[in-house]
Amino acid sequence: MNTYYLNINQQDNSGYNYEVHKELCRYCFPYRSNFIKLGSFVYESNAILKAKNSFPYMASKIDGCKHCCHSINND
Ligand SMILES: [Zn+2]
């Protein structure tokens, strides 16, 4: 299981997405207010589903981090 966070600040590059990160990713900063804890999941696909359900107005722009969430990264 990994703990996942969603960065609710839109990326300024890489498709202008909101990215899902694992807690230990070097691009994840859980202490910052723009990183929202999604919870612990076995699969990356469950984490991104939780993110999309929690923030439906952002869902089409939510993507996985290309560094820590390869299986759910599209951009
Ligand atoms: Zn990451």
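Which residue in β2 does L6 stand opposite? The legends below take up this question for a predicted model.

**View 1. The whole protein, from end to end.** This is a predicted model. The protein holds 1 helix and 4 strands. Along the sequence, these elements come in the pattern β-β-β-α-β. Along the principal axes, the C-alpha atoms fill a box of roughly 30 × 20 × 20 Å. The radius of gyration is 11 Å, which agrees with a compact globule, because a globule of 75 residues would have a value near 11 Å.

**View 2. The interior and the contacts of the protein.** Of the 75 residues, 29% are buried. Contacts with a separation of 6 or more were also examined. Among these contacts, 58% are between residues 24 or more positions apart in the sequence.

**View 3. The sheet and the order of its strands.** The sheet is open and has 4 strands. Its order is β3-β1-β2-β4, and the pairing is mixed. β3 and β4 (62-64) are the edge strands, each pairing on one side only. On average, neighbouring strands of this sheet are turned by 30° against each other, direction ignored.

**View 4. Strand β1 beside strand β3.** Strand β1 covers residues 2-7, and strand β3 covers residues 35-41. The two run antiparallel. They are joined by 6 bridges. Two positions of β1 can be followed across to β3. Y5 stands opposite K37 in β3. L6 has I36 as its bridge partner in β3.

**View 5. Strand β1 beside strand β2.** Strand β2 spans residues 18-22. β1 and β2 pair in the antiparallel sense, over 3 bridges. Here the opening question is settled: L6 stands opposite V20 in β2. L6 also has a bridge partner in β3, namely I36. In the order of the sheet, β1 sits between β3 and β2.

**View 6. The helix across the sheet.** Which strands does helix α1 lie across? Helix α1 is formed by residues 44-54. It lies across β1, β2, β3 and β4. Its direction makes an angle of about 135° with β3. In the pattern β-β-β-α-β, the helix follows three strands and precedes one.

Note on methods: Residues are numbered from 1 along each chain as its sequence is written. This is a predicted model: local features need pLDDT of at least 70, side-chain atom pairs count only at pLDDT 80 or more; totals for chains, interfaces and linings use all residues. The radius of gyration is taken over C-alpha atoms; the globule rule is 2.2 Å times the number of residues to the power 0.38. A residue is buried if 20 or more other C-beta atoms lie within 10 Å of its own, exposed if 12 or fewer, and partly exposed in between; C-beta atoms are placed from the backbone. Two residues are in contact if their C-beta atoms, placed from the backbone, lie within 7 Å. Two strands pair if DSSP finds at least two bridges between them. Axes are lines fitted to C-alpha atoms, for helices over the stretch in contact, and angles run from 0 to 180 degrees between N-to-C directions.
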